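Let's go through a few labels and ask what earns each of them. Have a look at the model before we start.

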Amino acid sequence: MTRPDAIEWCDGSKAEYDRLMKQMADSGLAIPLNPEKRPGCYLFRSDASDVARVENRTYIAARSQEEAGPTNNWIDPDGLKETMKELYEGCMKGRTMYVIPFCMGPVGSDIARIGIEITDSPYVVANMHIMTRVGSKVLKALGEDGEFIPALHSIGKPLAEGEHDHGKWPCAPLDKKYISHFPEERTIWSFGSGYGGNALLGKKCLSLRIASVIARDEGWMAEHMLILSVINPAGRKKYIVAAFPSACGKTNLAMIIPTIPGWKVETIGDDIAWMKLGRDGRLYAINPETGFFGVAPGTSLESNPNAMKSLESDSIFTNTALTADGDVWWEGIGYEAPGKLIDWNGNEWEAGKAEKPASHPNARFTVAAAKCPAVAAEWEDPAGVPISAILFGGRRPDTIPLIHQARNWNHGVFMGSIVGSRITTAALDLKAGTVRRDPFAMLPFCGYNMGDYFRHWVDLGTRTQAGKLPEIFYVNWFRKTADDNWLWPGYRENSRVLKWVFERCDGEGKAEETPIGFVPALDAIDRPADVSAADMAELLAVDREGWLNEIESIRSEHYPKFGDRLPEVLIDELDGLEDRLKKM
Ligand code: GTP
Ligand code: SPV
Ligand code: MN
């Protein structure tokens, strides 16, 4: 159907990676960085129209619209296939088709899932090398009759006879882009984009949208969560997962270096967790990926030293700026732009003179997890790690305290269901200042009806003995003062909050029971230098009016979307919260 000029089976070797990189450098698509500054690193500049996931072109093509649910773009699978087959017809002419056998999760483990991605993008192959387990070892594990998830990808830009990209990032226009999922067939078809989650099909498409459907059917959880371990000064270790929406701090928290003496954090994953109940009744998590595809802007030696150290070599940068001496630069890297730069569009850029940022706000790095100085020794353990706490969070300048702990499992599920971020600039569908709900940080990633997904979470609470389930917390690093400054310094200082979580999981940690759940006592969390006692009181206060408004918005705008698929217990939680607040 796609008619490539050639077909290559990817073996996953370093030689293959190097050969593709050289080929892309020779054709002008990849810019090799200065080997004295960033050995083994390359910069790519995407087309200006192809810079992020395209949620409005992402489809859950279930048999029925009800199955896809109220929060997904549904499209009839038969009609979609017809449309896409037309687009795929001859779409790889003039290019090589790569066949990438890949495995999410440790090869050979029970929890791992194999996919085969077919793509015409060598950039995708290189990134998949870093982000997943690729090649011959996967084919071997698959055997003659193993199961795999077919994932077809094309950038959607065939080359005519004698035509070349001339170093320009190939892709299709927005109205031709489709990121499609067929949940009943467990199949992925992606067309027109070469960027991130649109094109690296093992990531959001397989490990979240398709995996969430498999997980529902098989009784496990596929979640948009980081995984880390916290080690106290006595050397005791606890594992925590955290679900924050895209660009709300997962990578930063996953790699955090605590500011509190004696405490340590190790990284297991920064974006996706697959969790299963173990034989001992506890919840175990694995990171199905092998790399980090992280937001570059804002990453500095101050905010995330482990990421900066990971990026010293053998990394791919996409849409960052380029310095005159062949290094990358981005806004918030921690030092001034060294002279004139080339911005992510390939144009000259000078600090103070340019109107737009040099680096795209969604510029990303791709780097192997093994390169992170704080990666946990057990990060690839196929048995997973036992989870003590689940955190939810979003960007909420007001109302939601720095941290509060759920009263019980269903209250925690309620917390997950109301996650959201206050949007600062008007979006297509919402005006500035409203809260964009992103339940469980899964709004763009749940492959089935979100109401049923809530029920799957409620059910998990009934499937194991009391006391075995993780404690659930809601965190908010993003409180603002009236004059628009951060009330909480965030980043490495978030370790103080992790310490309280650790203590609470031990049944310690001073807390007050309030209408919204357990809130740290005013002196339970040591204050960073720039947080006053009054700031702390504000960060931990229960804002009665704010919460009553919150309840109103959940009751009138959020929950009604899910109709009769919304589990009754969540309405009970909402009512209970309201009653307790009104008595306050
Ligand atoms: P995705 O990769 O899109 O899923 O994003 P993510 O959830 O991994 O977010 P990431 O850690 O990349 O952070 C996104 C943005 O939030 C960056 O600009 C960070 O600098 C910023 N950020 C992260 N943690 C904090 C924090 O504690 N406080 C504040 N104010 N900003 C933060
Ligand atoms: C996200 O948007 O949550 C990401 C980036 O992690 S992407 O891989 O493009 O989905
Ligand atoms: Mn993510």
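Q: How are the donor residues of the manganese ion (ligand 3) spaced in sequence?
A: The pattern is K-x19-H-x46-D. This is a predicted model, by the way. K204 sits in helix α7 (residues 202-218), while H224 is in the loop between β11 (221-223) and β12 (226-231), 20 residues apart.

Q: What makes K204, H224 and D271 count as donors to the manganese ion (ligand 3)?
A: The cut-off is an N, O or S atom within 2.8 Å of the metal. K204 (NZ), H224 (NE2) and D271 (OD) coordinate the ion at 2.0 to 2.5 Å, so they qualify under that cut-off.

Q: Why is the arrangement around the manganese ion (ligand 3) called irregular?
A: For six donors to be octahedral, opposite ones must be over 155 degrees apart and all others between 65 and 115. Here the 6 donor atoms subtend angles of 64 to 168°, which makes the arrangement irregular.

Q: What makes strand β9 (residues 178-182) mostly covered?
A: Buried means under 20% relative accessible area, and 5 of its 5 residues are buried. Y178, S180 and F182 point one way and I179 and H181 the other.

Q: How do you know that β9 pairs with strand β10 (residues 187-191)?
A: Pairing takes at least two bridges, and 5 bridges join β9 to β10, running antiparallel. Y178 stands opposite F191 in β10. The two strands form a hairpin with 4 residues between them.

Q: What joins strand β4 (residues 58-60) to β9?
A: They are joined by 3 bridges and run parallel, with H181 in β9 as the bridge partner of I60.

Conventions
Residues are numbered from 1 along each chain as its sequence is written. Chains are lettered from A and ligands numbered from 1 in the order in which they are written. This is a predicted model: local features need pLDDT of at least 70, side-chain atom pairs count only at pLDDT 80 or more; totals for chains, interfaces and linings use all residues. Side-chain values use heavy atoms; hydrogens and water are left out. Donors are N, O and S atoms within 2.8 Å of the metal (3.2 Å for Na, K and Ca); water is not among the atoms, so sites may look incomplete. Four donors count as tetrahedral if all angles lie between 85 and 135 degrees; four count as square planar and six as octahedral if opposite donors are over 155 degrees apart and all others between 65 and 115; anything else is irregular. Buried means under 20% relative accessible area, exposed over 50%, partly exposed in between (1.4 Å probe, protein chains only).
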